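Visitor: I am new to this one. Could you walk me through it?

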Amino acid sequence: MTLTNLVKEKATHLGFHRVGIAAVDPDHPETPGRQGLQNWLNQGYQAKMDWMGDPRRQKVQTVMPEVRSLICVALNYYTDHSHSTDPSHGKISRYGWGRDYHKVLGRRLKALSTWLTEEHGATCRWYVDTGPVSEKAWAERAGIGWIGKHGNVITRTHGSWVFLGEVLTDLELEPDKPHTAHCGNCVQCLDACPTDAITQPFVVDANRCIAYHTIENREEELPPAIAQNLHNWVAGCDICQDVCPWNKFYAVPTDTPDFQPYPQNIAPSLAHLATLSQEDWDKQFRASALRRIKPTMWQRNAKANQQGQGEKQPENKDR
């Protein structure tokens, strides 16, 4: 068995649902789709996510000079629970229903890196959505899936309900073929977005995105165009993924127990969140990726839903 096959076997044994290899040419270590990323930044579509402009994100050797391969992985987090349709309850994106994915993937990536170092003398560095690595672009290069028109990586086996991670290593492994795109002429995600955040296929403007504003926006008030179109979302937004045909037909429940929802996270009361105390926040979102949303932000998001329920800005679908 080749080293590449051993690596994939080990990653699968650790519980990852998809694994692929992307090679790094030492003479051309630029991130796949680098120009697209720069164009996106030039338009200010990163909003206040300044870390997206980190130049290391566009050249992987600046993250790890000796890197020769990226071992890209995906972990399915889908469960067959449904969002509440009760207007008195908020909606939380599926990614935040269970245990913090950084911890779940991190534990497995650390184990993979340790094995590579101890058994094969490799130098490794791993990331889960926390380092200056364009994980979606590298996942596509590694054959994990393709970046859909909604900006998320779509896999043939689990749709886009997957978390991504990667191990950078100095091992020269056999690369997989880059994945081809399979969105075709479908524009359901563009049409479904209530704030027109997907300005054109494959381009998402964070300034208009419900997920960005409910999670990353630290201001006291949400922009009116967002506040009036929240549709009860208080943490993230799954609209563009919910309508995706690949998710409708290929999503399968995860076998990772950590991603089973905490009961209080599926349909939290807006009234409760509107008065969320520091103590209640600490209890409810312990070991959760949702701790990134501070108590005052939960209060703001909940109140905006209470005040603007049923209201909706006119939508511009002229593309």
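Visitor: In β7, which residue is the bridge partner of isoleucine 71?

Guide: Keep in mind that this is a predicted model. Isoleucine 71 sits in β2, opposite isoleucine 21. In β7, its bridge partner is valine 167.

Visitor: How many bridges join strand β2 to strand β7?

Guide: β2 covers residues 69-76 and β7 covers residues 162-169. Alanine 74 stands opposite leucine 164 in β7. The two strands run antiparallel, and the number of bridges joining them is eight.

Visitor: And how many bridges join β1 to β2?

Guide: β1 and β2 also run antiparallel. Isoleucine 21 faces isoleucine 71 in β2. The bridges between β1 and β2 number six.

Visitor: What is the order of the strands in the open sheet?

Guide: The sheet has four strands with antiparallel pairing. β1 (18-23) and β4 (124-127) each have a single partner strand, so one side of each lacks a neighbour in the sheet. Neighbouring strands are turned by 20° against each other on average, direction ignored. The order is β1-β2-β7-β4.

Visitor: Which strands of the sheet does helix α3 touch?

Guide: Helix α1 (residues 3-13) packs on the sheet too, touching β1 and β2, and its direction makes about 145° with that of β1. Helix α3 (residues 101-120) makes about 30° with the direction of β7. The strands α3 touches are β2, β4 and β7.

Visitor: How many residues of β2 are buried?

Guide: In a regular strand the side chains alternate between the two faces of the sheet. In β2, Ser69, Ile71, Val73 and Leu75 point one way, while Leu70, Cys72, Ala74 and Asn76 point the other way. Both sets are buried. The count for β2 is eight of its eight residues.

Visitor: At roughly what angle do the axes of α1 and α3 cross?

Guide: Leu3, Leu6, Val7, Lys10 and Ala11 in α1 meet Leu112, Trp115, Leu116 and His120 in α3. By class, this contact has seven nonpolar, one polar and one charged residues. The crossing is right-handed. The axes come within 10 Å and cross at roughly 145°.

Visitor: What should the 14 residues of helix α13 span?

Guide: Helix α13 runs over residues 295-308. Its end C-alpha atoms are 20 Å apart, which agrees with the span expected at 1.5 Å a residue. That expected span is 20 Å.

Visitor: Which elements do the buried residues of α13 pack against?

Guide: The buried residues of α13 include Pro295, Met297, Trp298 and Arg300. Gly308 is also one of them. Their packing partners are β3 (91-92), α6 (210-215), α7 (224-227), β10 (233-235), α11 (270-274) and α12 (278-284).

Visitor: Is threonine 79 buried or exposed?

Guide: Threonine 79 lies in the loop between β2 and β3. Not counting residues up to four places away in sequence, it touches Arg94, Trp97, Thr254, Phe259, Gln260 and Pro261. Its relative accessible area is 3%, and the cut-off is under 20%. Therefore threonine 79 is buried.

Visitor: What is phi of phenylalanine 202 near?

Guide: Most residues other than glycine have a negative phi. Phenylalanine 202, in the loop between β8 (198-200) and β9 (203-204), has a positive value. At 45% relative accessibility, phenylalanine 202 counts as partly exposed. Its phi is near 75°.

Visitor: And what is phi of histidine 231 near?

Guide: Histidine 231 is in the loop between α7 and β10. At 36% relative accessibility, histidine 231 counts as partly exposed. Its phi is positive, near 55°.

Methods: Residues numbered from 1 in each chain as written. Predicted model: local features only at pLDDT ≥ 70, side-chain atom pairs only at ≥ 80, totals over all residues. Heavy atoms only, no water. Pairing = 2+ DSSP bridges. Axes fitted to C-alpha atoms, helices over the stretch in contact; angles between N-to-C directions. Contact = heavy atoms within 4.5 Å. Expected span 1.5 Å × (residues − 1). Buried < 20%, exposed > 50% of the residue type's maximum accessible area, 1.4 Å probe, protein only. Left-handed = near helix turned anticlockwise from the far one by under 90°. Nonpolar A, V, L, I, M, F, W, Y, C, P; charged D, E, K, R; others polar.
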